[in-house]
Amino acid sequence: MNFTDFGFEPTLIEGIDALGFETPTPIQEQAIPIVLKGNDLIASAQTGTGKTAAFLLPIIQGILNKSNEGHIKALVIVPTRELAMQIDQMMQGISYFTSVSSIAVYGGSDGALFSREKQALSSGVDIVISTPGRLKSHLTMGNVKIDKLQYLVLDEADRMLDMGFYEDIVKIISYLPDKRQNLLFSATMPPKIRDLARKILYHPSEINIAVSTPAEKIKQEAFVVYNKQKNALAKLILKEKNFRSILIFCSTKLSVKELNRELKHAGFNSDEFHSDLEQSQREKILLKFKNREISMLVATDIMSRGIDVEDIDLVINYDVPGDGEDYIHRIGRTARAESEGEAITFINEKEQGKFQSIERLLGKEVLKAKVPKILGEAPEYIIHDYRKKKGNNYYNKKKKSRNFSKNNKK
Ligand code: AMP
């Protein structure tokens, strides 16, 4: 699935591209159509699943479809100022090529800041991302143009209730128009969240995204290489390290077949696993691999999900997988149950951006190992700054285009 499948405006697709998002994460795949349809939603999903874009994208698209100048159209309530800032930052990236504006409202004692917030809220910025307390202050002072609100998002709802924001949330909701779309995101679903959902949501669709972070026991590392160095590097690693059971993932059947041929030729006890093989052949190969008659299997992603082979001690990603979920599924083949495991990814020059998206999804950088000298010069690992595109610094440009008085100028 691609982001273009959602029917987003080209300006929104440009923003998604600029952030380096290639394919939707599972929560995005499931939540975006629901929100676009206009349904209420309750989603159990943690930070790291891509939930922010799962609600921002369809909301921006909805705002682009329906012009309503000078009114706040979406309200995102979050527990902390850090989260408000983080969401606003993503909002700036995604909406950069659109006309949709936003502000993060999160408190602090600065009087100038308060009046800036007041100005934006009363002139009707499109999307407000706010902590409950500060927003309540503005609402009680009558500063907020909220009567035409279309979307309410409660993000990290369980944390907000833990922090004692229940009364504030109820108060804020009393200021909102009855007819609106409600989205509730929460990492956990204790009874108090269910109660809140019953009070706020109208016939909601429900999504449950299982947490799929890689087991702590998996040692992850990556090599930044040229394509032509990948075969030699694979052979070096397989020769040097004494692994008993190895799974090597390639993105295409063709590269699976080529690599397996090369490994066999070099004397390794390997076989291949892909969808060109008959079911009976696949079963035979899998059994041999489980019984350790074959020590390494070169496979496409059909091996990455569901198939449970115990005690795989090394996974090699010969190619960078399509997205973070695939990466997690692939490396999750190792370190199953109580065992330890290692996952090594080969990144060529073209795959660097894709790997950085995966690292963002993992919430950490994977260690880059030094390419052995014997393989020659390796490419540089260039951090793809998704905030810069075609020489533009969107922060500077955004300051100009995100002038909240832009609604008044028109
Ligand atoms: P979130 O769960 O919203 O906090 O997102 C976690 C991280 O995943 C953020 O750094 C996002 O930039 C990144 N992210 C969100 N959606 C995608 C996607 N479709 N592809 C790659 N990275 C993504």
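This short talk walks through a predicted model of one protein, from its overall make-up to its sheet, its cores and one loop residue.

Before the details, a word on conventions: the model is predicted, and local features need pLDDT of at least 70, side-chain atom pairs count only at pLDDT 80 or more, while totals for chains, interfaces and linings use all residues. Residues are numbered from 1 along each chain as its sequence is written, and side-chain values use heavy atoms, with hydrogens and water left out.

Let me start with the whole protein. Its secondary structure comes to 16 helices and 16 strands, where helices (H or I, at least four residues) and strands (E, at least two) are DSSP runs numbered from the N terminus. Of the 410 residues, 55% count as buried, and buried here means under 20% relative accessible area, exposed means over 50%, and partly exposed lies in between, with a 1.4 Å probe and protein chains only. The accessible surface comes to about 19100 Å², of which 49% belongs to carbon and sulfur atoms; such areas come from the Shrake-Rupley method with a 1.4 Å probe, and for residues only the protein chains shown count as cover. If we take the contacts (heavy atoms within 4.5 Å) with a separation of 6 or more, residues 24 or more positions apart account for 77% of them.

Now to the sheet. Seven strands form an open sheet in the order β10-β11-β9-β12-β13-β8-β14, with parallel pairing, and two strands are said to pair if DSSP finds at least two bridges between them. The edge strands, each pairing on one side only, are β10 (270–273) and β14 (367–369). From one strand to the next the twist averages 25 degrees, with axes fitted as lines to C-alpha atoms, for helices over the stretch in contact, and angles running from 0 to 180 degrees between N-to-C directions.

At one edge, β10 is joined to β11 (residues 296–299) by four bridges in the parallel sense, and D271 stands opposite L297. Further in, β12 has four parallel bridges with β9 and four with β13, and L314 serves as bridge partner both to I246 and to E342 in β13. Which residues of β12 are buried on its two faces? They are L314 and I316 on one side, and V315 and N317 on the other. Helix α10 (residues 230–240) lies across β8, β9, β11, β12 and β13, running at about 160 degrees to β13.

Turning to the cores, a nonpolar core is a set of buried Ala, Val, Leu, Ile, Met, Phe, Trp, Tyr and Cys residues joined through side-chain atoms within 4.5 Å. The largest has 41 residues, of which F8, L41, F55, L57, I59 and I127 touch the most other members. Helix α3 (residues 51–65) gives the most to this core, with eight residues. Because 13 of the 15 residues of α3 are buried, this helix is largely enclosed by the rest of the structure. Leaving aside neighbours within four places in sequence, L41 has contacts that include A31, N182, F185 and I207.

Finally, consider Y226, which is found in the loop between β8 and α10. With 27% relative accessibility, Y226 counts as partly exposed. Not counting residues up to four places away in sequence, Y226 touches N348, E349, E377, A378 and P379, and its C-alpha lies 9.9 Å from that of E380, although the two are 154 residues apart in sequence.
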